[in-house]
Amino acid sequence: MDNTFEGRLLIGATGSAAVATLPMYLAALRTVLRGPITVLMTHTAATFLPAHTAGLFADRVVTGADPATWPADNHATLAAGHDLTVILPASAHTLSTVAVGAAPNMLATTVLAATHPVAFFPVMTAEMWAKAAVQRNVARLREDGYHVYDPASGPRYDVAAGAFVESPQPPPPPRFLEIVRELMG
Ligand SMILES: Cc1cc2nc3c(=O)[nH]c(=O)nc-3n(C[C@H](O)[C@H](O)[C@H](O)COP(=O)(O)O)c2cc1C
């Protein structure tokens, strides 16, 4: 049975240390997605995972750091050139930024410019995820029509704590692929 599907996917990567696992998700996508994958990294994401490493698994990586790239890769071209944006991992900072409609970087501006579906996969500590402010932002994003996927809880190596902790984490790659397939329609 052919379980592949078509679509142009934009992955927004933000500054959770979990961004180090992004190549695993990109490799999994390659098994089912027929279409280009662009990774748009925030400044912090690119400090955790070098853009050239993400580039080994994606068709294109955009950081917006070099103004010489802006004519070709800007919020308008990135929004128009893709069918779906998923933010993986989504930091508390980026959730709050999009919830208030701010556009301080290329990723948030692209989300603001997008007319296609946008989905968030938050990753942060359990304490951060439980905060009223974070939950308010998640509720606001859903009200505004964004898809926000509650993180599953499981053991995760927390770089800040230097230990394994029970912590919110992104869905495992098979579940992630299912969600991308559904959202691509
Ligand atoms: C070691 C380390 C790990 C971090 N992990 C997370 C995380 O998992 N989730 C989160 O929301 N923020 C995390 N942060 C904080 C973000 O990196 C910070 O809020 C940053 O401004 C996010 O920017 P961005 O959303 O533009 O990428 C971490 C910071 C450090 C120093």
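User: Which element supplies the largest share of the shell around the ligand?

Analyst: A shell can be read by asking which helices or strands its residues belong to. In this predicted model, α5 gives the largest share, with three residues. Two helices, α2 (43-48) and α5 (92-99), each contribute at least two residues to the shell.

User: How many residues surround the ligand, and which are the closest?

Analyst: The ligand is surrounded by 16 residues. The closest are Gly15, Thr42, Ser91, Ala92 and Thr94.

User: How do the residues of the shell divide into nonpolar, polar and charged?

Analyst: The shell holds nine polar residues and seven nonpolar ones, with no charged residue among them.

User: Which atoms of threonine 42, alanine 92 and threonine 94 lie at short range from the ligand?

Analyst: A polar contact is a pair of N or O atoms within 3.5 Å. The side chain of threonine 42 has an N or O atom 2.6 Å from a ligand oxygen. In threonine 94, a polar side-chain atom is 2.6 Å from an oxygen of the ligand. Alanine 92 instead uses its backbone, where an N or O atom lies 2.7 Å from a ligand oxygen. The ligand taken alone exposes 650 Å², and the protein buries 69% of that.

User: Is valine 159 buried or exposed, and where does it lie?

Analyst: Exposed means over 50% relative accessible area. Valine 159 counts as exposed because its relative accessible area is 59%. This residue sits in the loop between β9 (152-158) and β10 (163-169).

User: Which residues form a nonpolar patch on the surface?

Analyst: Val159 forms the patch with Tyr157 and Phe164, and together they have about 370 Å² of accessible area.

Key
Residues numbered from 1 in each chain as written. Predicted model: local features only at pLDDT ≥ 70, side-chain atom pairs only at ≥ 80, totals over all residues. Heavy atoms only, no water. Near = heavy atom within 4 Å. Polar contact = N/O pair within 3.5 Å; in protein donor to acceptor, adjacent residues only side chain to side chain. Areas by Shrake-Rupley, 256 points an atom, 1.4 Å probe, with all protein chains shown as cover. Helix = DSSP H or I, 4+ residues; strand = E, 2+ residues; numbered from the N terminus. Nonpolar A, V, L, I, M, F, W, Y, C, P; charged D, E, K, R; others polar. Patch = residues over 30% accessible without salt bridge, like charges linked within 9 Å, V, L, I, M, F, W, Y side chains within 5 Å. Salt bridge = Lys/Arg side-chain N within 4 Å of Asp/Glu carboxyl O. Buried < 20%, exposed > 50% of the residue type's maximum accessible area, 1.4 Å probe, protein only.
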